Amino acid sequence: MSRPVSFAPSMSVPSSRFNALPFAIGLFCLLWSYAFVAGKIGVTHCPPLILLTARFSLAGILILGATMVRGDWSLSWRDAAIFAVLGIANNALYLGLGYTGLQSVSAGLGGLIVSANPVFTAALAALLLGEGMTWRKAGGLSLGIIGVTLIVWHRLAVGTDSLHGILFTLASLASIVAGTILFKLLAPKGSLWIGNGVQNLAAGIVLTPIAFTFADVHAIDFTPSLVGAFAFLVLGGSILAYWLWFHLLKVCGATAASAYHFLMPPLGMLFAYVVLGEHVEARDLLGIIPVALGIYLVTRPAKPVA
């Protein structure tokens, strides 16, 4: 397996060279938002903790196994330990809580709540990481959270999702925000590819005793839908999407990279409508307008000073 290609633009490269960063952003958003649909399918046929344990363990084994075969271990023990900690926050806690919530909330709403990530990440990044917070960014983040709140409020009002599931999803949101800030604070070096493998394996190890204590193996319903969802979650979610996420954090910074999570509500609802037949109302779509404007304001480059 070849070493992952960096998407980061280089000032030393001629401007005519293809810039893969927009492609990386687009692919990340598609994979991340569809993962909520695949997760919803998965938890319908398998207890969430067992599904996640198998997902993380297999993804970690595939990544680290390929690395061992190549003999290209470019990660110090310190950085391996950091990635293991990140795996608990970004994988085990984030998705463990999120998948538990998906049992009683729709895939669209699950992605919607987690899309509030940019607001909390930006606030903590300004306090702990020294990332600038301008009025334009603050306004964009405010618009994003207003749009998300409008849709969540409507879903609660019509009673399509449970408060219990929403609380689990909110706890999932707190976990990924913490993991994002930890990644920037601890700044692990070395290969993000290997680091992702360590994260997945660490999450699988942590979840294994919990899954087999609280989940029923006999509740697994082996169907083609479960197999397809599991394959996507391992290859497209745990391996590719997570590697892209940490790459974007390095290249774009915590605030800008997290702002793309505002794209997850419209994409998540679209995928949920097409694949799962989840109901989407015009009022839900209206909330997307301030979300899209918020992303533009947060990620738009500042004008150079004359």
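Visitor: Which residues does N90 touch, not counting residues up to four places away in sequence?

Guide: In this predicted model, N90 touches I176, G179, T180, Q199, Y242 and F246, with residues up to four places away in sequence left out.

Visitor: And where does N90 lie?

Guide: N90 is part of helix α3.

Visitor: Is N90 buried or exposed?

Guide: N90 counts as buried, because its relative accessibility is 0% and the cut-off for burial is under 20%.

Visitor: T180 was among those contacts. Which helix holds T180?

Guide: T180 is found in helix α7. Its relative accessible area is 0%, so T180 is buried.

Visitor: What is T180 in contact with, leaving aside its neighbours within four places in sequence?

Guide: T180 is in contact with N90, N117, T121, W245, L249, A254 and S258.

Visitor: N117 and T121 bring up α5. At what angle do α5 and α7 cross?

Guide: Helix α5, residues 117-129, and helix α7, residues 163-186, cross at roughly 35°. Their axes come within 10 Å, and the crossing is right-handed.

Visitor: Which residues meet there?

Guide: From α5, the residues are N117, F120, T121, L124, A125, L128 and L129. They meet L173, I176, V177, T180, I181, K184 and L185 in α7. By class, this contact of α5 with α7 has 10 nonpolar, three polar and one charged residues.

Visitor: Back to α3. How is α3 placed with respect to α9?

Guide: The axes of α3 (residues 77-102) and α9 (residues 224-252) come within 13 Å and cross at roughly 125°. The two helices are therefore oblique to each other. The crossing in which α3 passes α9 is right-handed.

Visitor: Which side chains or backbones are involved? I mean, which residues of α3 and α9 meet?

Guide: In α3 they are N90, N91, Y94, L95 and Y99, and in α9 they are L233, Y242 and F246. Sorted by class, the contact of α3 with α9 has six nonpolar, two polar and no charged residues.

Visitor: Changing topic: which residues touch the most other members of the largest nonpolar core?

Guide: That core has 71 residues, and F28, W32, Y94 and Y99 touch the most other members. Helix α9 gives the most to this core, with 14 residues.

Visitor: Y99 has come up twice now. What is Y99 in contact with, leaving aside its neighbours within four places in sequence?

Guide: Y99 is in contact with A35, G39, V43, P48, L51, L52, R55 and L233. Of these, L233 also belongs to the α9 residues that meet α3.

Visitor: Now the other end of the chain. Where does L267 lie, and what residues does it touch?

Guide: L267 lies in helix α11, residues 264-276. Not counting residues up to four places away in sequence, L267 touches C29, L30 and S33.

Visitor: How many residues apart along the chain are L267 and Y34?

Guide: L267 and Y34 are 233 residues apart along the chain, while their C-alpha atoms are separated by 7.6 Å.

Visitor: What share of the contacts in the protein with a separation of 6 or more comes from residues 24 or more positions apart?

Guide: Such pairs account for 92% of those contacts.

Visitor: Finally, the overall picture. How many helices and strands are there?

Guide: The protein has 13 helices and zero strands.

Visitor: And what percentage of the residues is buried?

Guide: Of the 306 residues in the protein, 52% are buried.

How values were computed: Residues numbered from 1 in each chain as written. Predicted model: local features only at pLDDT ≥ 70, side-chain atom pairs only at ≥ 80, totals over all residues. Heavy atoms only, no water. Axes fitted to C-alpha atoms, helices over the stretch in contact; angles between N-to-C directions. Helix = DSSP H or I, 4+ residues; strand = E, 2+ residues; numbered from the N terminus. Parallel < 35°, antiparallel > 145°, perpendicular 65-115°, else oblique. Left-handed = near helix turned anticlockwise from the far one by under 90°. Contact = heavy atoms within 4.5 Å. Nonpolar A, V, L, I, M, F, W, Y, C, P; charged D, E, K, R; others polar. Buried < 20%, exposed > 50% of the residue type's maximum accessible area, 1.4 Å probe, protein only. Core = buried A, V, L, I, M, F, W, Y, C linked by side-chain atoms within 4.5 Å.
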